[in-house]
Every structure is written in C-alpha cells, then in structure tokens.
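Thanks for coming. I will go through one structure today, with the side chains first and the cores after that. Please keep the display open while I talk.

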Amino acid sequence: MRNFEFFLDKLSELGRVEITCYSHGQYWDLRTHTGFNPLRENADLRERLIDMTTKRPQLPALIRDAHDVLFSAILWDDDSVYDSEAGFHRVLTEEEQKDTGSPAWFLIGPAALHSMDALGLHQYYRTYANSSVTEKHPPVLSFARFLSMIQIAAMVLGKRTDEEEIIRENHLDAGISAGLPADQVQFSLEQEEEESAHHTYSEEQALLNYVREGNAEEALHLNMRLDQQLGRMSQNQIMQWRKLMTVAVALASRAAIDGGASPGEAYKLSDYYLQKSDACMDVPALIACRNQAIRDFCERVAAQREHRKCSSYVQQCCEYIYQHYREKILLEDIAADLHISPTYLSRIFSREMKVRLQEYIARFRVERAANLLKYSNESIAGIGDYVGFPSQSYFGNTFKKYMGMSPGQYREKYQNSSFC
C-alpha cells in the first residue's frame, strides 16, 4: 500500500466514512465496507460529482443532497487502473492511455448531517436505490468534520484545501459571497429609515450589567423596553426572534460568567435554552423562553454572590468540583491544579465555605442525583454511578444523610409531581 493510500485508509477509519477509488467503471476499496452506498449504486450522483471535478480538477467536489447527506469526489491524476484479474492497481501502458485515458477519483461518503427517522431514511433509499436493499443509516457527521476529512484527503492527493473556496465553488454558501459589497450598500439604504429604531450600545451594556449583578427584575424590565427598538435581522418574524434568542442567550451567559457564575454551568444553561427554543413555534413562546433564560442567568449570579463570597482559590475549587464531580476527586489533585498546597486549600475552603471539602463534594453529588431522580427515568443504581459514588450502598447512605430519605423514597415522593 502506497503512502497516500495508507493515509486515506486511516482517514476513512477515523472518520467512519467510506473512501473508495473509482476508475473506468470499477471500484477499489481501501478497506472492506458493507452496506449500500449511493456513490456505487447511483450513476447520476456519481457522474454529477465527476463532472464537477472535471470543471475544477484541483478542487474537491462536494454535494449536500435533499436529505442533508454529504458526498465528495477528488480527481486523482495518476496513470493507473484497477486490474480485476490481478486484484490490484497497475500503471497503464502508453497504448492503454491513448485508448482510455487515466482519470481516477476518490469518492468520499455518504455522511448524514443528522439522524433520519424511519420515513426520512426510507425516502433517502428511494432516491438512490434501484431495488430493495436493507435500509442501514449512513454515518452521522457534522459538516465541519466531513469538510475536514475532504480537506485532509485533498492535501494527501495534492489538491487545493482552502475551506472557503471549497464551500463557495461547490455552491454551498447560498450565494452569500456573490455581490456582497453591493448587497451591503443596498441593505444600508433600506435600513436608513429604521435607524432610529435600533437601541444603543450603552443600553445593551446596561442590560448586561443587570445580568452581571444578578438583578433579574431590572434586566427583564429593560429587555422588554428594548424589544420595542429592534433592528430588522430577518423578514420573517419567527426567524427574527430565533436570532434574537440566540444573541440574547449568548450575551447573557457571558455576562453571567463575568458576574461570578460558574463557566461550566453557564455554558450548559446556554445550550439548554437554545435547544429549548427549537420547540417554540411562535413569537410569544420565543419571547417567554428568552425572558426565562435571562431570569435564570440572573438568579444563578445572585445565588453565587450570596453563597460564594470567598477567595479566588475557593471559587476555582468549586468550579473544579463542578467540572469533575463525576470522577474521583482528591484534595491533592485540586491543589495541584490551583498550584497551592493541599493543606492551605483545605484550611481556606473550610473557613470560607463553613464545611469540609469532601463533605461539600458529597453534598454536591447528592444534589445532582436528586435532580436526576426527579426529572429522569434512569435507574437509581445508574444515577449513583453517574454522579460519582463508588457503590450503591454508599450512594444510598450518603443520600439519606443529606436528604433525610433514601433515593427510592425521594423519587417516589417527588418524581410524579415534577412531571405534571
């Protein structure tokens, strides 16, 4: 196996996406793959990719189909062909090159951008399959990861790898880059009459300062007023508010961190509300979701200010516990991470938090377990293991110590009401 074949083989293995060589109507696999592949079975798809590479031979061809599945092809300039009798590629003779030419392509894909339900998967197979086949889901990869794969493959094969060029030349940018300066001028002209509707930078900063201070009521009051002074980011009202939701949550999460909230907790909360907004189908629901997110960030900041009026070392210690509570946590490990002595850390933590470090960790795990008992159907043993308790008996005893009842009793008391 030649060097470039070795690299492409490993790339296919790491990316979990098939890479195969196609030349003169024949295929040459770097490794054995099973299952249906549209690049093999559907001539129209394959020829479309090949045609794209002949027009731009130094650039990978990339297609995103109607099912959000990605396919790519890279033209390989090599005077070789697959010899089916010998079972390997061989260099073409001069006579053969005259008769047939020597193009070959490395085909990469399929890779789905998201999981398809049964109906979506069936429609995908109906698009490409000429007969009944087992409907196996293609590997799921993000666009960024698939793009990285074809960039690496292109580099190995001596082709251009510029990310923006690949996206633009394969028409995956929705024409954004074409005529951009003229579009911006036209947009500015159209917006001139609405300039007075934009709130000011100082007003935005005032809102973020309220979040940093944990002042939920003032933050929401100002936010409602600023809603009346919005610039137009989309012609569609739902899209307008989805974008506002994203911006508001992103800025509020950073302001909350500035105000003392745990970065890990703030980022998780940000992800939660952005995903929750996906289920909002109208403007009032999006506004309510945005307002609840801002209130939640403010309340987290306020809680931190109330309960964590302590030194930087202790704050960093609490952040370490938040990030690693599911693992075995030792005082020595935290102290090493903070570059201070274990004895000093233990002393200042106990003095400022009014509780020993190991007790704080145990209570923190119990609180996380309590939430899971209320809001999930995971088994009690699974929850104990998830939050970092080494055994079920230790989990049960520690939980009862702090909550006054066993995990099972706690779930029976609170779970049904929490789902109502």
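Arginine 363 is partly exposed, at 38% relative accessibility. Its partner in a salt bridge is glutamate 367, and the closest N and O atoms are 3.8 Å apart. Glutamate 367 also counts as partly exposed, at 37% relative accessibility. This is a predicted model, and every value I quote is computed from it. Both residues sit in helix H17, which covers residues 357-375, and they are 4 residues apart, about one turn of the helix. An α-helix has 3.6 residues a turn, so residues three or four places apart point the same way.

How many salt bridges does the structure hold? There are 9. Let me take two others.

Arginine 300 and aspartate 296 meet through their side chains in a salt bridge, at 3.0 Å from N to O. Here too the two residues share a helix, H13, residues 283-307, and are 4 residues apart. Is aspartate 296 buried or exposed? Aspartate 296 counts as buried, because its relative accessibility is 12% and the cut-off for buried is under 20%. Arginine 300, at 28%, counts as partly exposed.

Glutamate 352 and arginine 351 form another salt bridge, with 3.9 Å between N and O. Glutamate 352 is partly exposed at 24% relative accessibility, and arginine 351 is partly exposed at 46%.

Now the cores. In soluble globular proteins, nonpolar side chains tend to be buried together. The largest nonpolar core in this model has 35 residues, and Ile321, Ile334 and Phe349 have the most contacts inside it. Which helices each supply at least two residues of this core? They are H14 (312-324), H15 (331-338), H16 (342-353), H17 and H19 (392-403). H17 gives the most, with 9 residues. So the helix that carries the pair of arginine 363 and glutamate 367 is also the one that gives the most to this core.

Take isoleucine 321 as an example. Leaving out residues up to four places away in sequence, isoleucine 321 touches Ile329, Ile334, Leu357, Tyr360, Ile361 and Phe364. Apart from this core lies another one of 28 residues, including Leu222, Ala255, Leu269 and Cys298.

Leu269 brings us to helix H12, where Leu269 is one of the buried residues. The others are Gly264, Glu265, Ala266, Ser270, Tyr273 and Ser277. H12 runs over residues 263-277, 15 residues in all, and spans 21 Å from its first C-alpha to its last, close to the 21 Å expected.

Last, two buried positions earlier in the chain. Serine 72 is in strand S4, residues 69-77, and has a relative accessible area of 0%. What does its side chain meet? A polar atom of the serine 72 side chain lies 2.7 Å from the backbone oxygen of alanine 61. Beyond its neighbours within four places in sequence, serine 72 is in contact with residues including Pro60, Leu62, Phe106, Phe146 and Ile150.

Alanine 154 is in helix H6, residues 143-156, and is buried, with a relative accessible area of 0%. Its contacts, again leaving aside neighbours within four places in sequence, are Pro60, Ile74, Lys159, Arg160 and Thr161. Pro60 therefore appears in the contacts of serine 72 and of alanine 154. The C-alpha atoms of alanine 154 and leucine 8 are separated by 9.8 Å, with their positions 146 residues apart along the chain.

Key
Residues are numbered from 1 along each chain as its sequence is written. This is a predicted model: local features need pLDDT of at least 70, side-chain atom pairs count only at pLDDT 80 or more; totals for chains, interfaces and linings use all residues. Side-chain values use heavy atoms; hydrogens and water are left out. The expected span of a helix is 1.5 Å times one less than its number of residues. Buried means under 20% relative accessible area, exposed over 50%, partly exposed in between (1.4 Å probe, protein chains only). A polar contact is a pair of N or O atoms within 3.5 Å; within protein, one must be able to donate a hydrogen and the other to accept it, and residues adjacent in sequence count only if both atoms are side-chain atoms. Contact means heavy atoms within 4.5 Å. A salt bridge is a side-chain nitrogen of Lys or Arg within 4 Å of a carboxyl oxygen of Asp or Glu. A nonpolar core is a set of buried Ala, Val, Leu, Ile, Met, Phe, Trp, Tyr and Cys residues joined through side-chain atoms within 4.5 Å.
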